[in-house]
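Here's a set of exercises to work through with the model open next to you. Try each task before you read its solution.

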Amino acid sequence: MAEPVYIFSDGTLKRKENTIMLETQSGKKHIPVENVSEIKIFGEVDINKRLLEFLTQKNIIVHFFNRYGYYVGTYYPREFLNSGMIILRQAEFYLNSVKRLELARLFVEGSLKNIINTIKKYNENGRFSNTINAIESHIKNLKQCSSVEQLMALEGNAREIYYHCFDNFVKSGDFHFEDRSKRPPQNELNALVSFGNSLLYTTTLSEIYKTHLDPRIGFLHTTNDRRFTLNLDISEIFKPIIVDRLIFTLINRKQIKKSDFHEITGGISLKENARRTFVQSFEEKLKDTIYHSGLKRKVSFRTLIRTEAYKIEKHILEDEPYSPYLG
Amino acid sequence: MSKMITGTVLLSFTVCEREAWLIAHQIEPEQSNPFIEIGRLIHAESYRKNQIREIALPGIKIDMIYSQGQVTVVGEIKKSSKFLKGARLQLLYYLSELKKRGVHAAGKIMIPKEKKQIDINLDDQGIKDLNQAIENVEKLVSLPKIPQKIRNAFCTKCGYEQFCWS
């Protein structure tokens with residue numbers, strides 16, 4: 001079974017016959033290429049063209065992060081499952097404002113519903129019932145939005161209500177959410193959200209790569225600057241289910257503590273050990289399985305992300321209307 | 001959009017119309033599907049001694065071509081004898097396309113795992129069956145929408161399973 005490879009150490013990554021070799025100060029490590037599904041690099045790693053050619057041949061994506069754990073970019077090997085028809089349909093659904101709005105609304109709706117499902121997990125004695133009601137009323141209003149910007153604004157408001165519950169979900173007094181802050185995050189909870197989200201964005205991008213969709217054409221997130229945006233759209237559905245729940249669990253189990261962070265210029269960042277802990281739990285979470293009624297078998301969360309992309313393909317081919325995964 | 005009749009489309013048509021439509025529209029199956037990987041491996045590892053392997057022409061991907069005395073033989077390697085009807089159409093199509101290019105050949109379905117070889121000839125019956133199949137496939141792939149999904153015994157092993165049933 002091919003699995004994602006995370007590289008935290010500094011060194012050189014190269015092709016060695018039919019394996020990938022990581023050479024660091026502490027020695028050489030061979031990684032058989034058939035066992036690699038994607039690579040995420042956090043360390044200072046030298047690579048060369050020979051390696052990139054090898055990775056292209058094997059359709060392996062590489063995601064780069066800087067030393068603070070922020071996403072830098074992706075080595076996206078040549079498209080290998082291109083379908084002209086899908087790309088044209090995707091563009092058509094983007095350019096047609098009614099069709100785009102419909103898809104964008106479904107992403108927001110799925111995201112907010114999954115936020116509610118996450119809150120419900122902590123809703124002992126109904127103490128978050130007001131929050132749930134408030135977000136539900138936002139969901140009702142989504143249908144009245146006539147532009148993607150309005151959808152985004154509604155989502156932003158609902159998300160703010162949700163973030164205010166974070167302090168209550170974590171049982172440690174050491175963590176306070178306050179407001180959502182990015183680039184860089186101003187406190188520990190925000191740093192965890194940012195780190196978790198960028199792991200999810202890159203994972204979703206890797207899954208889209210295995211489908212026929214073009215990741216540059218998103219619907220909720222505006223397609224511009226040739227950036228990847230469809231992965232941001234699909235990630236919205238899974239953020240509350242995968243990233244947020246993981247953060248609460250890690251803090252409540254004291255696997256991540258206040259001492260796992262350090263100050264960086266203008267903000268807060270996770271130390272390397274905590275990053276490793278987070279990544280390990282994140283990968284375990286992606287391997288968790290749930291029963292899929294359509295496929296009539298259990299599938300992993302990683303597969304669920306890919307099937308979400310397939311559902312969008314079917315939507316734009318006008319085969320079956322998209323309905324977001326609710327967990 | 002180019003909707004090409006290919007050997008693979010003819011083969012899949014006998015199994016599932018939806019699959020044939022998708023393949024004809026270049027919407028390819030999931031590559032990490034274990035059954036597709038096994039198929040790829042059998043192709044790579046079987047009959048390694050034969051002189052000419054894998055010739056690609058538009059719509060045609062011949063696994064193997066070699067001379068047997070005076071006869072040119074086109075071989076199609078299969079994992080099992082499960083889809084013989086489709087494999088026969090696939091080979092008939094290759095033979096007919098080669099004939100248009102002035103190459104008269106005989107066909108063989110080769111199943112290394114079962115140590116079986118089945119001769120296929122472009123005789124009158126073959127031409128009739130092939131033309132009928134091409135006509136049906138052309139009708140299918142010109143449909144603007146994907147044919148509805150229908151669960152069959154092959155679904156669980158198909159590279160489109162996640163696409164169809166997600």
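**Exercise 1. Work out how much surface chain B exposes, what share of it comes from carbon and sulfur atoms, and how its charges sit**.

Step 1: chain B exposes about 8,800 Å², using the Shrake-Rupley method with a 1.4 Å probe, where for residues only the protein chains shown count as cover. Carbon and sulfur atoms supply 54% of that area.

Step 2: go to the charges. Lys and Arg count as positive and Asp and Glu as negative, while His and the chain ends are left out; each charge is placed at NZ of Lys, CZ of Arg, CG of Asp or CD of Glu. Chain B has 25 positive and 18 negative charges, and their mean positions are 3 Å apart.

A quick note on the ground rules: this is a predicted model, where local features need pLDDT of at least 70 and side-chain atom pairs count only at pLDDT 80 or more, while totals for chains, interfaces and linings use all residues. Residues are numbered from 1 along each chain as its sequence is written, chains are lettered from A and ligands numbered from 1 in the order in which they are written, and side-chain values use heavy atoms, with hydrogens and water left out.

**Exercise 2. List the elements of chain B in order, then check its radius of gyration against the globule rule**.

Step 1: count the elements. There are six helices and five strands in chain B, where helices (H or I, at least four residues) and strands (E, at least two) are DSSP runs numbered from the N terminus.

Step 2: from the N terminus on, read them off as α-α-α-β-β-β-α-β-β-α-α.

Step 3: for 166 residues the globule rule gives 15 Å, and chain B has a radius of gyration of 16 Å, so chain B is as compact as a globular protein of that length. The radius is taken over C-alpha atoms, and the rule is 2.2 Å times the number of residues to the power 0.38.

Step 4: along the principal axes, the C-alpha atoms fill a box of roughly 50 × 30 × 25 Å.

**Exercise 3. Is helix α4 of chain B largely enclosed or not, and which of its residues are buried?**

Step 1: check the length. α4(B) covers residues 84–100, which is 17 residues, and it reaches 24 Å from first to last C-alpha, close to the 24 Å expected at 1.5 Å a residue. That expected span is 1.5 Å times one less than the number of residues.

Step 2: look at burial (buried is under 20% relative accessible area, exposed over 50%, partly exposed in between, with a 1.4 Å probe and protein chains only). In α4(B), 12 of the 17 residues are buried, so the helix is largely enclosed by the rest of the structure. Among them are G86(B), L89(B), Y93(B), Y94(B) and E97(B).

Step 3: see what comes next. G102(B) follows α4(B) and has a positive phi near 85°.

**Exercise 4. Find where Q26(B) and K254(A) lie and classify their exposure**.

Step 1: Q26(B) lies in the loop between α2 (17–24) and α3 (34–45) of chain B. Its phi is positive, about 55°, although Q26(B) is not a glycine.

Step 2: with 29% relative accessibility, Q26(B) counts as partly exposed.

Step 3: in chain A, K254(A) lies in the loop between α8 and β9 (261–264). K254(A) isn't a glycine either, yet its phi is positive, near 60°.

Step 4: K254(A) has 61% relative accessibility, so it counts as exposed.

**Exercise 5. Describe the surroundings of F107(A)**.

Step 1: F107(A) is in helix α3 (residues 97–120) of chain A, and at 0% relative accessibility it counts as buried.

Step 2: list its contacts (heavy atoms within 4.5 Å). Leaving aside neighbours within four places in sequence, F107(A) touches F219(A), L220(A), D233(A), I234(A), I237(A), I312(A) and Y322(A).

Step 3: take one pair. F107(A) and F219(A) are 112 residues apart in sequence, with 8.7 Å between their C-alpha atoms.

**Exercise 6. Check the span of helix α9 of chain A and find what covers its buried residues**.

Step 1: the 16 residues of α9(A) (272–287) should span 22 Å, and the end C-alpha atoms are 23 Å apart, which agrees.

Step 2: its buried residues include F278(A), V279(A), F282(A) and L286(A).

Step 3: their cover includes β1 (3–7), α7 (188–209) and α10 (301–316) of chain A.
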